[in-house]
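Open the model in your viewer and keep the selection tool at hand. This tour goes stop by stop.

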Amino acid sequence: MGASTAFAAQVSLSWQAKSSPVPDGYCVYRRTQSSQYDYRYPAWTGRATSTTITNLNDNTTYYFIVRSFKGSEESDDSNEVAFHSSSSGGSSTSTTSPTTSTSGTSTVIIDDGKSGTSAVGTWKASGGTNPYGGRSLYSKASGTSYTYQSSLSGSYEVSIWWTEYSSRCSNVPVKIYDGSDLLETVYVDQRDDGGRWNYLGNYDFSGKAKIVVESRSSTCTTCADAVELTKAGSAATGGTNVVVDDGKSGTSAIGTWKASGGTNPYGAQSLYSKQSGTSYTYQSALSGSYGVSVWWTEYSSRCSNVPVKIYDGTRLLETIYVDQRDDGGRWNYLGDYDFSGTAKIVVESRSSTCTTCADAVLYSK
């Protein structure tokens with residue numbers, strides 16, 4: 001299923017025809033970020049393999065799936081497509097046939113049990129809370145795996161969703177492939193940070209992206225839930241993700257900040273300070289509601305209560321204190337905030353007995 005922007009507040013959708021059995025037609029369903037699909041009320045029904053959905057609200061993210069039907073029987077959901085509408089245009093996404101509008105960013109979400117997923121071994125429905133979609137899956141057998149794949153080309157940010165549980169494994173391997181070429185294996189601790197997107201990294205794909213979650217233990221459980229692939233390089237106006245990295249446009253420093261030896265920085269490096277009264281600022285021209293996440297590199301010498309200040313222009317919205325001795329080398333979500341023109345995140349160093357890291361900030365629509 002694919003999507004393309006027609007003009008503001010409407011989206012054109014297309015999908016591949018089902019050949020066997022030949023359906024009577026197709027139903028398109030839509031939801032917003034905070035709702036579920038209501039399969040009683042399709043947004044469109046017909047025999048064509050494309051349609052345009054109109055009367056969409058500005059500055060709203062919509063999600064779409066398509067189902068074929070024959071008689072009273074409907075198929076499973078297709079891959080999900082995300083679309084963000086704005087007054088200056090929209091951003092659209094695709095799964096089997098990726099297309100990206102010039103004003104936005106593609107996001108492909110592959111949920112368990114949907115098109116693009118496959119399993120080796122037995123995976124059962126989990127009782128873990130806050131799954132993506134209707135459920136998550138788990139395995140408690142060594143040698144099983146769960147695969148998510150989509151036809152994609154270009155640079156994409158990869159994130160995964162799991163449901164946490166006290167019985168979950170602490171070092172679940174997640175393998176990222178470009179076709180058959182293994183790009184990287186990332187190990188995640190599924191005892192924590194469930195019920196949210198967990199960023200793994202930025203990867204280049206040349207036709208097929210494949211993410212494999214492996215279960216390697218029979219003494220703890222491994223969860224498979226959903227994968228999100230977001231095309232990198234979105235702009236501040238119209239895009240869904242804006243990353244401000246240290247040393248790049250939009251950053252400024254007070255005091256001395258040096259290159260850090262901490263592992264897994266975002267981009268080429270992270271910075272650190274060991275002076276009280278220094279600060280590092282990340283700023284972007286943004287309007288609307290955005291999720292704010294920060295990235296640091298952890299170190300045993302890091303401070304345990306680093307203040308991160310979120311501003312709307314000159315107005316302080318909130319101060320969050322983060323423990324930089326842990327959870328480094330990944331996006332750490334701080335919350336959703338409303339900005340009216342300028343978003344500003346300030347990392348402050350308030351101690352000379354421990355180090356404070358400044359690396360990168362993510363604004364996500």
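Below is a list of selections, each with what is found there.

**Whole chain**

Start with the cartoon of the full chain, and bear in mind that this is a predicted model. The secondary structure comes to 33 strands and zero helices. Of the 365 residues, 53% count as buried. Now consider contacts with a separation of 6 or more: residues 24 or more positions apart account for 73% of them. Switch on the surface. The chain exposes about 15,900 Å². Carbon and sulfur atoms supply 44% of that area.

**Stop 1: strand S28**

Select residues 306-312, which make up strand S28. How many of its residues are buried? Seven of seven are, so the strand is mostly covered. Show the side chains. Val306, Val308, Ile310 and Asp312 point one way. Pro307, Lys309 and Tyr311 point the other way. Both sets are buried, Asp312 and Lys309 included.

Add residues 315-322, strand S29. Strands S28 and S29 run antiparallel and are joined by seven bridges. To check the register, find Val308: Ile320 of S29 stands opposite. Then go to the turn. This hairpin has two residues between the strands, and Gly313 takes a positive phi near 65 degrees.

Next add residues 343-349, strand S31. Five bridges join S31 to S28, again with an antiparallel run. Here the pair to pick out is Tyr311 and Lys344, which stand opposite each other.

**Stop 2: the largest cavity**

Keep Val308 selected, as this residue also helps to line the largest cavity. The structure holds two cavities of 30 Å³ or more. The largest has a volume of about 50 Å³. Select its lining: Tyr282, Val294, Trp295, Trp296, Val308, Gln324, Val347, Cys357, Ala358, Asp359 and Ala360. Which elements give two or more residues to this lining? They are strand S27 (287-295) and strand S32. Color the lining by residue class. Nine residues are nonpolar, one is polar and one is charged.

**Stop 3: the sheet that holds S32**

From the cavity, follow strand S32, residues 356-358. Three strands form an open sheet here, in the order S24-S25-S32. The pairing is antiparallel. Which strands lie at the edges? Strand S24 (258-259) and strand S32 do, each pairing on one side only. Select residues 271-273 for strand S25, which pairs with S32 over three bridges. Within that pairing, Leu271 stands opposite Ala358. Ala358 was already selected at the previous stop, as part of the cavity lining.

**Stop 4: the second largest cavity**

Move to the other cavity. The second largest has a volume of about 40 Å³. Its lining consists of Tyr148, Ile160, Trp161, Trp162, Gln190, Val213, Cys223, Ala224, Asp225 and Ala226. Strand S15 (153-161) and strand S20 (222-224) each give two or more residues to this lining. By class, the residues divide into eight nonpolar, one polar and one charged.

**Stop 5: Asp112**

Leave the lining of the second largest cavity on display and select Asp112. This residue is found in the loop between strand S10 (107-111) and strand S11 (117-120). Is Asp112 buried or exposed? Its relative accessibility is 2%, so Asp112 counts as buried. Expand the selection to its contacts. Beyond residues up to four places away in sequence, Asp112 touches Thr117, Arg135, Ser136, Leu137, Tyr146, Tyr148, Ala224 and Asp225. Tyr148, Ala224 and Asp225 are among the residues lining the second largest cavity.

**Stop 6: the S16-S17 hairpin**

Select residues 172-178 for strand S16 and 181-188 for strand S17. The two run antiparallel, joined by seven bridges. Tyr177 has Leu182 of S17 as its bridge partner. There are two residues between the strands of this hairpin. At the turn, Gly179 takes a positive phi near 65 degrees.

**Stop 7: Thr45**

Finish at Thr45, which lies in strand S4 (residues 44-46). With a relative accessibility of 45%, Thr45 counts as partly exposed, because exposed requires over 50%. Draw a distance from its C-alpha to that of Val28: the two are 6.5 Å apart in space and 17 residues apart in sequence. Leaving out residues up to four places away in sequence, Thr45 touches Tyr26, Cys27 and Phe69.

Conventions
Residues numbered from 1 in each chain as written. Predicted model: local features only at pLDDT ≥ 70, side-chain atom pairs only at ≥ 80, totals over all residues. Heavy atoms only, no water. Pairing = 2+ DSSP bridges. Helix = DSSP H or I, 4+ residues; strand = E, 2+ residues; numbered from the N terminus. Buried < 20%, exposed > 50% of the residue type's maximum accessible area, 1.4 Å probe, protein only. Contact = heavy atoms within 4.5 Å. Areas by Shrake-Rupley, 256 points an atom, 1.4 Å probe, with all protein chains shown as cover. 1 Å grid on protein atoms, 1.4 Å probe; cavity = no way out; pocket = protein on both sides within 12 Å on 5 of 7 lines; lining within 4 Å. Points joined across faces, edges and corners; volume = space filled by probe spheres on them. Nonpolar A, V, L, I, M, F, W, Y, C, P; charged D, E, K, R; others polar.
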